[in-house]
Amino acid sequence: MLYAVYQKGSPSSSCFGFIDGTVRPICKPGENQRIVYNGHKRVHALKFQSVALPNGIIASMYGPVEGKKHDSAMLADYGLLQQLEHYAFSRAVEPMALYGDPAYPLRVHLQVPYRCAGMTPRMEEYNKAMSAVRISVEWLFGDIINYFKFLDFKKNLKISLSAVGKMYMACAILRNALTCMYGNSTSEFFALNPPSVRDYFN
C-alpha cells in the first residue's frame, strides 16, 4: 500500500499512519486561564491527539487535555506506544510505525523527521517526501471544522458551560461515518477506500 512505501533508513518500520496534536481554541475561561493557554498558538484551547490513517479515517483520538500540554507529554499520557509495541506488526512480523512531527521522540514504532546536522541527500529526500504526505493527512482535522462549523466559533465554546471536548470527539466520529459513505480528500490522495459504515461501527 502507498502509505507503507516510505521507510526510514534502518531495517525497521514502514509507516502505516500519522500522529498529530490538534489545538482547538475555546472561549477564555473565568478561572484557571493559564492551564488552558497555548503559548505556541497564543490562544486558550483544548488539545487532542489523533492517529490518522491514509484511508481517510481518524483511527484513534485522545483528549481533551489542557491547551498548554506538549505533544510528547500527551503521547506519554495516552499510552499509545505501549499498545504499538504489542500490536503494530506486519504479517511478516516487521514493526510498523506511525509518523509524527519533530515534537515527538524517535522510537521503533514512531518515526519522525531527521534532525541531525549534516544530513545526507537521502535523509533530506525522506524528510521532504514525508512532509508532503503528512500534510495531506492534516486535511482530516480541517474536515471536522468544515462540516461542523459551530466548533470554530470559540466565543460559544465555554468549558464551564458546555461539554466542548465531547462535542469535538462526537463530531470526529460523525466525520468518520461521512468518510465511510463518501470518502474524502485524504482517501483520494492515497487512493485507499475507507471501510463501509457497517464495518466502521462494528
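**Exercise 1.** Work out the pattern that the protein follows when this predicted model is read along the sequence.

*Solution.* Begin by counting the elements, which come to seven helices and six strands. Then read along the sequence and write β for a strand and α for a helix, which gives the pattern β-α-β-β-β-α-α-β-β-α-α-α-α.

**Exercise 2.** Decide whether the radius of gyration of the protein agrees or disagrees with that of a compact globule.

*Solution.* First take the chain length of 202 residues, for which a compact globule would have a radius of gyration near 17 Å. Next, set beside this the value for the protein, 18 Å, which agrees. To complete the picture, note that the C-alpha trace spans about 50 × 45 × 30 Å along its principal axes, and that buried residues make up 45% of the 202 residues. Finally, turn to contacts between residues at least 6 apart in sequence, of which 59% join residues at least 24 apart.

**Exercise 3.** Describe the surroundings of D20, stating whether this residue is buried or exposed.

*Solution.* Start by locating D20, which is found in strand β1, made of residues 14–25. Its relative accessible area is 9%, and because buried means under 20%, D20 is buried. Then look for its partners, leaving aside neighbours within four places in sequence: D20 is in contact with several residues, including F48, Q49, S50, D71, Y104 and R134. With R134 there is also a polar contact of 3.2 Å, which joins the side chains of the two residues.

Conventions: Residues numbered from 1 in each chain as written. Predicted model: local features only at pLDDT ≥ 70, side-chain atom pairs only at ≥ 80, totals over all residues. Heavy atoms only, no water. Helix = DSSP H or I, 4+ residues; strand = E, 2+ residues; numbered from the N terminus. Buried < 20%, exposed > 50% of the residue type's maximum accessible area, 1.4 Å probe, protein only. Polar contact = N/O pair within 3.5 Å; in protein donor to acceptor, adjacent residues only side chain to side chain. Contact = heavy atoms within 4.5 Å. Rg over C-alpha atoms; globule rule 2.2 N^0.38 Å.
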